[in-house]
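Welcome! Please take a moment with the sequence and the 3D view, and then we will walk through the fold together.

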Amino acid sequence: MKCRIQINRPDVVDATIHAIDKTGIIVTVYGSDKPVAIPLECLMDIEKFINKDGEYFIPGTICPVCGFENVTFDTEIRTMNPYGAGEISVEVVNNICEDCEERGDFNGVNDVRIEKACQEIVNKRASESIRKLHDMNIATIHIETSLGIKIGSINRWITEGFPMEAYALLRFIEFKPSLIDIAKAGYLCVDELFEKEEENDI
Ligand SMILES: [Zn+2]
């Protein structure tokens, strides 16, 4: 399948599509003999396909309602603040079926992009929180043993991806580091607090 793609804006080049699936496409750009794989989630950032009417489209995108391939798209910037970790802006895609006017993310690329951006900001913010706790002389290993987390988990999470639930907990610890001591003491003072409240009730 021949197509025209826009790689270095505003240059539009001719290319041949060899394969298309849900993960991306394999193309050879005219003038080169080396096929290149382009993941679908990158496609809309760097390569834009243009149909006969000069509209951008993504080859292989099928309208889920009418089943035709006459699908174009536009993009919008969505801002969010996941877990209060900081504001992020993500470019999301709205596919538009030119035949039946159905709109949506037909290839499911937005969830992947949003998740990736959220994870990046959470990782960044989590390592800042850990650094702050270090400055307060609270060692990573102390947090791990107090909470009963496997030693080494926190550093691994910082490199591999901080779990969102753990990050939410970390925010509380950063806000009130004495929570760590409560955990270390087996949550005894929490029980005591409840006992006191019960006594007061009587
Ligand atoms: Zn349609």
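Let us start with a term: two residues are in contact if their C-beta atoms, placed from the backbone, lie within 7 Å. Helices (H or I, at least four residues) and strands (E, at least two) are DSSP runs, numbered from the N terminus. This is a predicted model, in which local features need pLDDT of at least 70, side-chain atom pairs count only at pLDDT 80 or more, and totals for chains, interfaces and linings use all residues. Residues are numbered from 1 along each chain as its sequence is written.

**The overall picture**

The protein has 7 helices and 9 strands. A residue is buried if 20 or more other C-beta atoms lie within 10 Å of its own, exposed if 12 or fewer, and partly exposed in between, with C-beta atoms placed from the backbone. Of the 202 residues, 16% count as buried. Among contacts with a separation of 6 or more, 46% come from residues 24 or more positions apart.

**Helix 3 meets helix 4**

Thr 140, Ile 143 and Glu 144 in helix 3 meet Ser 153, Ile 154 and Asn 155 in helix 4. By class, this contact has 2 nonpolar, 3 polar and 1 charged residues. Here Ala, Val, Leu, Ile, Met, Phe, Trp, Tyr, Cys and Pro count as nonpolar, Asp, Glu, Lys and Arg as charged, and the others, Gly among them, as polar. The axes of helix 3 (residues 140-147) and helix 4 come within 9 Å and cross at roughly 110°. That makes helix 3 roughly perpendicular to helix 4, a label for angles of 65 to 115 degrees. Axes are lines fitted to C-alpha atoms, for helices over the stretch in contact, and angles run from 0 to 180 degrees between N-to-C directions.

Now look at Ile 154, which has its place in helix 4. Ile 154 is buried, with 21 other C-beta atoms within 10 Å. Not counting residues up to four places away in sequence, Ile 154 touches Ile 130, Thr 140, Ile 143 and Glu 144. Ile 154 and Ile 130 are 24 residues apart in sequence, and their C-alpha atoms are 8.8 Å apart in space.

**The nonpolar core**

A nonpolar core is a set of buried Ala, Val, Leu, Ile, Met, Phe, Trp, Tyr and Cys residues joined through C-beta atoms within 7 Å. The largest one has 12 residues, including Ala 85, Val 122, Ala 126, Ile 130 and Ile 154. Helix 2 (109-135), helix 4 (153-160) and helix 5 (164-175) each supply at least two of its residues, and the largest share, 4 residues, comes from helix 2.

Which residues of helix 2 are buried? They are Val 109, Val 122, Arg 125, Ala 126, Ile 130 and Leu 133. Leaving aside neighbours within four places in sequence, Ala 126 is in contact with Ile 158, Phe 162, Tyr 167 and Leu 170.

**Two loop residues**

Finally, compare two residues that have a positive phi although neither is a glycine.

| Residue | Phi | Loop | Other C-beta atoms within 10 Å |
|---|---|---|---|
| Tyr 83 | about 55° | between strand 7 (71-80) and strand 8 (88-97) | 17, partly exposed |
| Asn 137 | about 60° | between helix 2 and helix 3 | 8, exposed |

Asn 137 comes just after helix 2.

Conventions. Parallel < 35°, antiparallel > 145°, perpendicular 65-115°, else oblique.
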